[in-house]
Amino acid sequence: MTVHYQVHTDVAVLTLDLPPVNSLGQAMRQALAAGLQRAQDDPQVQAIVLTGAGKAFSGGADISEFGHDAAFAEPNLHTLIAMVEGCSKPVVAALHSVCMGGGLELSLACHYRIATPDCKLGLPEVKLGLLPGAGGTQRLPRALGVEPALNMIISGEPVAAALLAQVPGQKLLTQLATSAATLLDEAVALARSVASVRPLPLVAALRARHPQGDAYFQFARNMVKGMAKHFPAPAKCVDAVQAATQQKITDGLATERDLFLQLMFTPESRALRHLFFAERAASKIPDVPANTPLRAIESVAVIGAGMMGGGIAMNFLNAGVPVKLLETKQEALERGVATIRKNYEGQLAKGKLTQDKYAQRMALLSTTLDYADLKDADLVIEAVFEDMAVKQAVFTQLDAVAKPGAILASNTSTLDLNQIAAFTQRPQDVVGLHFFSPANVMKLLEVVRGAKTANDVLATAMAVAKKIRKTAVLSGVCDGFIGNRMIERYSQQAGFLLDEGCTPEQVDKAAEQFGFAMGPFRMSDLAGNDIGWAIRKRRAIERPDIRYSKTADLLCEQGRFGQKTGAGWYDYLPGKRNAIPNADVVAMIAANRQAQGITPRQIADEEIVQRLVFSLVNEAAHILEEGIATKASDIDVVYIFGYGFPVHRGGPLCYANEVGLFNVVAAMQRFANNPLDDAAFWQPAPLLQRLVAEGKSF
């Protein structure tokens, strides 16, 4: 059932019912149109109430229809809205919980709107690279006022009904309901009270004006240009709202539709829609049923009070979960707790945290130097030095003290989780939880599945990620898992570019112009150049066939480990993160180049970007083929949320699809012919070759 139809004496109540958010897909639109017609045709019915079952009035359009014929199938949303607006009997929208996108646009066509004070109203289409396409840019400015409406449309953020009701002169909300429990009764009472009122009030008949007119819209355009330079949608939103102030409603709606269709087929909107579905699909594990019973996680222990351990602890404290922090020395514990306090105090100073919340979170934190104190923890997360011998010592002790059924997690970023699990008598309880630094900020969590990790442990890990507001992606076991395995290839290419003639600044600028949050050398300085150095030393023993530029090792031999030492590929002033080019580093790169007999050449930004990005793509194809990642979209999620890949490009594999895999492989073949590059590096992964041969994409 998608729409319930009931008559309360003389008022028909139509209830949208399609969990979880009553989206307005074709079946819902058909059922709603039928219900409206039935109410229209019933002489007993004097007024109509439209509401939603469950946890939403409506979350809006069915996004899976976007870009497909189903979105335009009749009755489409425009037809439905026109039907509501043209109804001869008053239609009251009873809004609660969530009223978003097409749901809000539908409610704007109703003659009256009543909402619970906490109902969140919004037009989030800009977050999908679109603008509201069913009248939102034309009706909301008329109902709410131009400025507040444009702010809502450009930000895409929802606003509580109680706040919107306070906007001077607003005609969006007829009244606020007392509570969710009384909403329907109050809506029916409102419907009866206006049943004989004519003419029916229409938002479309209101005027939208701004006292500064064109000057205001030019100011708005300048603002969005600076804030969203990679995204065309915000500027188009300004154009559409300006049309609402200059055109009659029919012309404004036509303008809005033209702009919507322009945006629908942009690569930016395709990328954002891809990410929308990818993020939601990431938590689904193909062979772990959705109804898998979860283990209760009511207390957590974190081993290691350094920057990573402290950040991990904060995630759980923020979610109201008690945390016991373990270190080997009291001074290390005190430093860790002091850092947590400092982080919270920074949030306090910025008004992002209240004193009460701060006190509550710190009260959930306890410390210990004794492993025996971890015996009651439901989940233990190890965040110690990235060395297998250290991990062995930790997990051997954990195995001895942790209660049966406790989940034992490692935050390792590269090491073999199966080997770590083998240090215990309970490998089924061991899982990787690879947080990204800073762990209390970064949204990504790689959940690493060992060969013997139990299904309920994986399901619980995914649920825990949701609880602490992380986006979790499943990875199999390999050196570096998904993200770090790929970033190593990216870093290799960055080093080869230095050997051939680039400077760190040139490579970083090209990557950042493409849209990366930071280029490879700034990123390495932030993470710590010594981390990559340790990996290369390990590689020299385990995989001597892998080739690297020598420049990164030469840099580390000078103690230039990055921001933490104030010197890396760049120089850094105390307390600042600005990367200042260093002439000695450039000279060192040139000397290394000369020692190898390499004549430098000018390298175009396009080649820099292609070599960096396509190195990620090829390694990702290997990862997919090996089953380390279960789907291509998971890899895009890892790179968007963990590595600063440009959001407007949708992730490395989404971008490769846009470029065309045939073109990607052709570029790789060109790079393989470069005598200073590595031909073996650019051998296309079998999956990539197969997709090209079959004319398919990731």
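Let's start with one residue: Glu-279 is partly exposed, with a relative accessible area of 24%. Bear in mind as you look around that this is a predicted model. You'll find Glu-279 in helix α11, which covers residues 267-281. Its C-alpha atom is separated by 7.1 Å from that of Thr-471, although the two positions lie 192 residues apart along the chain. Thr-471 is also one of the contacts that Glu-279 makes once its neighbours within four places in sequence are set aside; the others are Lys-443, Val-637 and Phe-641.

Thr-471 is a handy way into the next piece, the eight-stranded sheet. Residues 471-475 make up β17, one of the edge strands, and the other edge strand is β12 (365-368); each pairs on one side only. Going across the sheet, the order reads β12-β11-β10-β13-β14-β15-β16-β17, and the sheet is open with mixed pairing. From one strand to the next, the twist averages 25 degrees. As a reminder, strands of a sheet pair through backbone hydrogen bonds, either parallel or antiparallel.

Now zoom in on β10 (residues 300-303). On one side, β10 pairs with β11 (residues 323-326) in the parallel sense, over four bridges. Two of the residue pairings are easy to pick out: Ala-301 has Lys-324 as its bridge partner in β11, and Ile-303 has Leu-326 there. β10 also pairs with β13, again in the parallel sense and over four bridges. Within β13, the partner of Ile-303 is Glu-382, so follow Ile-303 if you want to see both neighbours of β10 from a single residue.The side chains of β10 split into two sets: Val-300 and Val-302 point one way, Ala-301 and Ile-303 point the other way, and all of them are buried.

What packs on this sheet? Helix α12 (residues 307-318) does, touching β10, β11, β12, β13 (379-382) and β15 (430-435). The direction of α12 makes about 170 degrees with that of β11.

There is another sheet to visit, made of three strands. It is open too, the order is β5-β7-β8, and the pairing is mixed. Its edge strands are β5 (98-100) and β8 (159-160), and each of these pairs on one side only. β5 pairs with β7 (residues 120-122) in the parallel sense over three bridges, and here Cys-99 stands opposite Leu-121 of β7. Helix α3 lies across β5 and β7, running at about 85 degrees to β5. How many of the residues of α3 (residues 102-109) are buried? Eight of eight, and the helix is mostly covered. The buried set runs through Gly-102, Gly-103, Leu-104, Glu-105, Leu-106, Ser-107, Leu-108 and Ala-109.

Next come the helix pairs. Take α9 (residues 233-246) and α10 (residues 249-264): their axes are 9 Å apart, and they pack at an angle of about 170 degrees. Angles over 145 degrees count as roughly antiparallel, and α9 and α10 are therefore roughly antiparallel to each other. At their contact, Ala-233, Lys-236, Asp-239, Ala-240 and Ala-243 of α9 meet Thr-255, Leu-259, Gln-262 and Leu-263 of α10. Sorted by class, that gives five nonpolar, two polar and two charged residues.

The other pair is α18 (residues 483-500) with α20 (residues 520-527). Their axes come within 10 Å and cross at roughly 120 degrees, which makes α18 oblique to α20. The crossing in which α18 passes α20 is left-handed. On the α18 side, the contact uses Ile-487, Tyr-490, Ala-494, Gly-495 and Leu-498, while α20 supplies Pro-520, Phe-521 and Met-523. By class, this contact has seven nonpolar residues, one polar and no charged ones.

We can finish, as we began, on a glutamate. Glu-500 has its place in α18. Is Glu-500 buried or exposed? At 0% relative accessibility, Glu-500 counts as buried. Setting aside neighbours within four places in sequence, the residues in contact with Glu-500 include Arg-593, Arg-601 and Arg-611. Also in contact with Glu-500 are Ile-598, Thr-599, Pro-600, Ile-603, Asn-674, Leu-676 and Asp-677.

Methods: Residues numbered from 1 in each chain as written. Predicted model: local features only at pLDDT ≥ 70, side-chain atom pairs only at ≥ 80, totals over all residues. Heavy atoms only, no water. Axes fitted to C-alpha atoms, helices over the stretch in contact; angles between N-to-C directions. Parallel < 35°, antiparallel > 145°, perpendicular 65-115°, else oblique. Left-handed = near helix turned anticlockwise from the far one by under 90°. Contact = heavy atoms within 4.5 Å. Nonpolar A, V, L, I, M, F, W, Y, C, P; charged D, E, K, R; others polar. Buried < 20%, exposed > 50% of the residue type's maximum accessible area, 1.4 Å probe, protein only. Pairing = 2+ DSSP bridges.
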